[in-house]
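User: Hello! I am new to this structure and would like to look at a few of its details with you. Could you walk me through them?

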Amino acid sequence: MLDIRQGALIQMDNLGSRLKDIRLKSGMTLRELARQADVSPSFISQIENGKSQPSVATLYAFAQLLKVSVDDLFENRPAVPDAPAAVFDADSMTRGDLRNPSDAWLPSEYANRVSVVHPAHRSHLDMAAGVEWERLAATPERSVNFMKISYAPGAASTDGGEMLSHDGYEYGFVTQGTLEVTIGDETFTLHPEESLGFDSSIPHSFRNAGTEVMTGVWFVHGKCQ
């Protein structure tokens, strides 16, 4: 991992505990979630204990089964309705302050309009097979995900080549490397500076067939649950 400060590491490592907390609040047992997601109970246990990471497809499956958005899994804590508003103190948020501005503002009214996130404070999801997501903004809207994504050489969005589908639209822009995108029956290879948009209810998958890390900026609009 490249020069990630402690705050970002905590956010990434808490995926398992966030998943467990959301699962328990939903009343779903570990075995039932495993059965419905078509994975083993021991695999979910390993994820919840921080010993393993899910694939992109498995992450979407968990979100759908637990009736939360994928964005909820980025949070440092599960979303709580009617949480007390934080006080925004403009004088305390000086440029270069190492505190996370999104943490300072959430869930204040100001956070509904502005989110500024230092690279060291981005929420991370480090998934199986060399796939990483970094959330680029932390506004409370639950129907969007604005992310930096990276795929290591050979990494794919699913373990066995199966396709994903979910409500909404996706827009992507490649900044480094190449990304092979399969949408329905068509396959495209995106190079740096190339972009795409598509209806994500069409089955799709991503794979880095190149020899260098692929990075890009991704925007998913619609309820991913």
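**Salt bridges and a helix**

Analyst: Gladly! In this predicted model, the side chains of R207 and E180 meet in a salt bridge, at 3.1 Å from N to O. The pair links distant parts of the chain, with R207 in strand β8 and E180 in strand β5, 27 residues apart.

User: How many salt bridges does a search of the whole structure find?

Analyst: R207 and E180 form one of them, and the side chains of E32 and R35 form another, at 2.6 Å. R23 also meets E48 in a salt bridge. The search of the whole structure finds three.

User: Which parts does the pair of R23 and E48 tie together?

Analyst: The side chains of R23 and E48 meet at 2.7 Å, N to O. Both R23 and E48 are buried. Because R23 and E48 lie in different helices, the pair ties together parts 25 residues apart in sequence: helix α2 and helix α4.

User: Is R35 buried or exposed?

Analyst: R35 sits three residues from E32 in helix α3, about one helical turn away. E32 is partly exposed, at 26% relative accessible area. A residue counts as exposed over 50%. R35 has 57% relative accessibility, so R35 is exposed.

User: What arc do the buried residues of α2 cover around the axis?

Analyst: Helix α2 runs over residues 15-26, and its buried residues are L15, G16, R18, L19, I22 and R23. They lie on the same side of α2 because the arc they cover is only 165°.

Definitions and conventions. Residues numbered from 1 in each chain as written. Predicted model: local features only at pLDDT ≥ 70, side-chain atom pairs only at ≥ 80, totals over all residues. Heavy atoms only, no water. Helix = DSSP H or I, 4+ residues; strand = E, 2+ residues; numbered from the N terminus. Expected span 1.5 Å × (residues − 1). Buried < 20%, exposed > 50% of the residue type's maximum accessible area, 1.4 Å probe, protein only. Arc of directions from axis to C-beta. Salt bridge = Lys/Arg side-chain N within 4 Å of Asp/Glu carboxyl O.
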